[in-house]
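Visitor: Please take a close look at one part of this model, the open sheet and the loops that follow its strands. I would like the details set out in one connected answer.

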Amino acid sequence: QVHLVESGGGLVQAGGSLRLSCEASRSIFTISAMGWYRQAPGKQRELVATITSGPTTNYAASVKGRFTISSDNRKDTVYLQMNSLKPEDTAVYYCNAEFRDEDYWGQGTQVTVSS
């Protein structure tokens with residue numbers, strides 16, 4: 001099993017920045033892939049960014065060039081640096097881990113971008 005704890009959400013003005021953190025309960029070397037997803041009110045959960053060993057990263061088109069996913073293996077933590085935030089980035093952001101063919105999710109952290 002993998003337990004994920006997110007932090008770093010909050011309220012920011014458009015154009016501002018936030019950094020989300022996701023700490024895993026086991027070494028991220030053992031985890032196939034980790035990522036960030038988000039869900040806005042009335043919408044489906046969508047992929048934001050993923051990172052695998054290598055590291056190989058993947059981004060949704062809507063955040064490419066503004067968001068950066070990274071990992072710190074010593075801390076078993078994955079980060080999402082969000083710059084040039086827009087009101088449409090407002091959502092609950094969830095950390096995800098793919099481990100032994102199962103998906104694990106954090107509790108979510110709210111990001112609100114005011115115009």
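Guide: What follows goes through the sheet and then two loop residues.

The model is predicted. The open sheet is built from four strands, arranged in the order β1-β3-β8-β7, and their pairing is antiparallel. At the edges stand β1 (4-7) and β7 (67-72); each has a single partner strand, so one side of each is left without a neighbour in the sheet. From one strand to the next, the twist averages 15 degrees.

Strand β1 pairs with β3 (residues 18-24) in the antiparallel sense, and four bridges join the two. Within this pairing, Val5 stands opposite Glu23 in β3. In general, the strands of a sheet pair through backbone hydrogen bonds, in either a parallel or an antiparallel way.

Next comes the backbone in the loops. Most residues other than glycine have a negative phi. Ser84 has a positive phi of about 50 degrees, although Ser84 is not a glycine. Ser84 is located in the loop between β8 (77-82) and β9 (91-99). Its relative accessibility is 42%, so Ser84 counts as partly exposed, a class that runs between the limits of 20% and 50%.

Arg100 is another residue other than glycine with a positive phi, here near 50 degrees. The loop between β9 and β10 (102-105) holds Arg100. Arg100 has a relative accessibility of 65% and therefore counts as exposed, the cut-off for that class being over 50%.

Note on methods: Residues numbered from 1 in each chain as written. Predicted model: local features only at pLDDT ≥ 70, side-chain atom pairs only at ≥ 80, totals over all residues. Heavy atoms only, no water. Buried < 20%, exposed > 50% of the residue type's maximum accessible area, 1.4 Å probe, protein only. Pairing = 2+ DSSP bridges. Axes fitted to C-alpha atoms, helices over the stretch in contact; angles between N-to-C directions.
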